[in-house]
Amino acid sequence: MGNEVKCTVSFGEQKSEGRALLETSEILFRGDFWLKIPFSTIKSAKAVDGELRLQTAEGLAVFHLGAAAEKWCEKILHPKSRIEKLGVKPGARVSLLGSFDAGFLTEISKLTKSVSKSKVTADSEWIFFSADSKEDLGALSKISKSMKGATALWIVYPKGQKHITENDVLAASRKTGWKDVKVVGFSATHTALKFVIPLSGR
């Protein structure tokens with residue numbers, strides 16, 4: 001999930017009103033022209049008088065963001081790590097269901113030794129469920145029996161696919177009574193949606 005702002009952008013001789021979206025690893029603009037600027041390609045980033053100035057290999061992109069310019073600049077220069085975005089704290093009790101990339105497994109193992117794989121422990125604070133298809137979401141009714149109190153569930157699923165979409169994940173999760181509270185870019189290929197039990201149901 002990023003921040004979305006209606007603004008004017010100048011790029012070379014082009015200038016247009018449109019919507020800018022700050023994602024976890026790139027900034028997007030949709031107007032009379034489109035821009036997609038990965039953080040990794042930005043040579044310099046400055047916030048000056050309400051303008052976010054990004055120097056790229058293709059030229060200077062100026063986003064007229066007003067008060068948001070400094071905040072966006074900070075996020076581009078110092079992006080949060082995946083674990084920071086997910087909110088998992090050191091020593092947390094984590095349960096993993098399904099298959100995850102090796103990088104994520106390494107990040108979790110460095111953070112906590114309390115990791116259960118293939119089943120949800122009774123004292124889990126965080127549950128990560130990898131769903132590769134709409135059919136996999138059928139497991140949520142079983143997982144719901146393990147959700148207690150403030151336990152948080154992250155459902156990780158492929159992005160940009162027709163066989164499992166954000167709407168599929170939301171629909172299946174809401175049948176359990178959970179509330180969706182956050183979305184993050186989990187990786188280049190996957191998105192993660194966070195769910196909790198509403199306060200009224202704890």
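The protein's secondary structure comes to five helices and 13 strands, where helices (H or I, at least four residues) and strands (E, at least two) are DSSP runs numbered from the N terminus. The model is predicted, so to speak of local features takes pLDDT of at least 70, side-chain atom pairs count only at pLDDT 80 or more, and totals for chains, interfaces and linings use all residues. Residues are numbered from 1 along each chain as its sequence is written, and side-chain values use heavy atoms, with hydrogens and water left out.

**Exercise 1. Get the overall picture: find the span of the C-alpha trace along its principal axes and the share of buried residues.**

Step 1. The C-alpha trace spans about 60 × 35 × 30 Å along the principal axes.

Step 2. Of the 202 residues, 44% are buried. Buried means under 20% relative accessible area, exposed means over 50%, and partly exposed lies in between (1.4 Å probe, protein chains only).

Step 3. Try that on a single residue: Leu 193 sits in strand β13 (residues 190-196), and it counts as buried because its relative accessibility is 4%. Now look across to Phe 39: the two are 154 residues apart in sequence and 23 Å apart in space, C-alpha to C-alpha.

**Exercise 2. Work out how β3 and β4 are joined, and sort the residues of β4 by face.**

Step 1. Strands β3 (residues 26-30) and β4 run antiparallel, with five bridges between them; two strands pair if DSSP finds at least two bridges between them.

Step 2. The connection is a hairpin through three residues. For a handy landmark, Glu 26 stands opposite Pro 38 in β4.

Step 3. In a regular strand, side chains alternate between the two faces of the sheet. Now for the sorting: in β4 (residues 34-38), Leu 35 and Ile 37 make the covered face, while Trp 34, Lys 36 and Pro 38 make the uncovered one.

**Exercise 3. Track down salt bridges, including the network that holds Arg 82.**

Step 1. Side chains of opposite charge can pair when their charged atoms come close. The cut-off here is a side-chain nitrogen of Lys or Arg within 4 Å of a carboxyl oxygen of Asp or Glu. The whole structure gives nine salt bridges.

Step 2. Take Arg 82 and Glu 107, whose side chains meet at 3.1 Å, N to O. This pair links distant parts of the chain, with Arg 82 in helix α2 and Glu 107 in helix α3 (residues 102-111), 25 residues apart. Arg 82 is buried because its relative accessibility is 15%, whereas Glu 107, at 27%, is partly exposed.

Step 3. Add Asp 101, and you have the network: Arg 82, Asp 101 and Glu 107 are linked by salt bridges.

Step 4. Compare Arg 53 and Glu 51, whose closest N and O atoms are 2.9 Å apart. Arg 53 is partly exposed at 32%, and Glu 51 is buried at 19%.

Step 5. One more pair is Arg 174 with Asp 180, at 3.0 Å, N to O. Arg 174 counts as partly exposed at 47%, and Asp 180 does too, at 27%.

**Exercise 4. Which lysines gather in a patch of positive charge on the surface?**

Step 1. Candidates need over 30% relative accessible area and no salt bridge, with like charges joined within 9 Å.

Step 2. The lysines are Lys 71, Lys 75, Lys 80, Lys 89 and Lys 182.

Step 3. Zoom in on Lys 80, in the loop between α1 (69-77) and α2 (82-86). Lys 80 counts as exposed because its relative accessibility is 58%.

Definitions and conventions. Patch = residues over 30% accessible without salt bridge, like charges linked within 9 Å, V, L, I, M, F, W, Y side chains within 5 Å. Areas by Shrake-Rupley, 256 points an atom, 1.4 Å probe, with all protein chains shown as cover. Lys, Arg positive; Asp, Glu negative; His and termini not counted. Charge placed at Lys NZ, Arg CZ, Asp CG, Glu CD.
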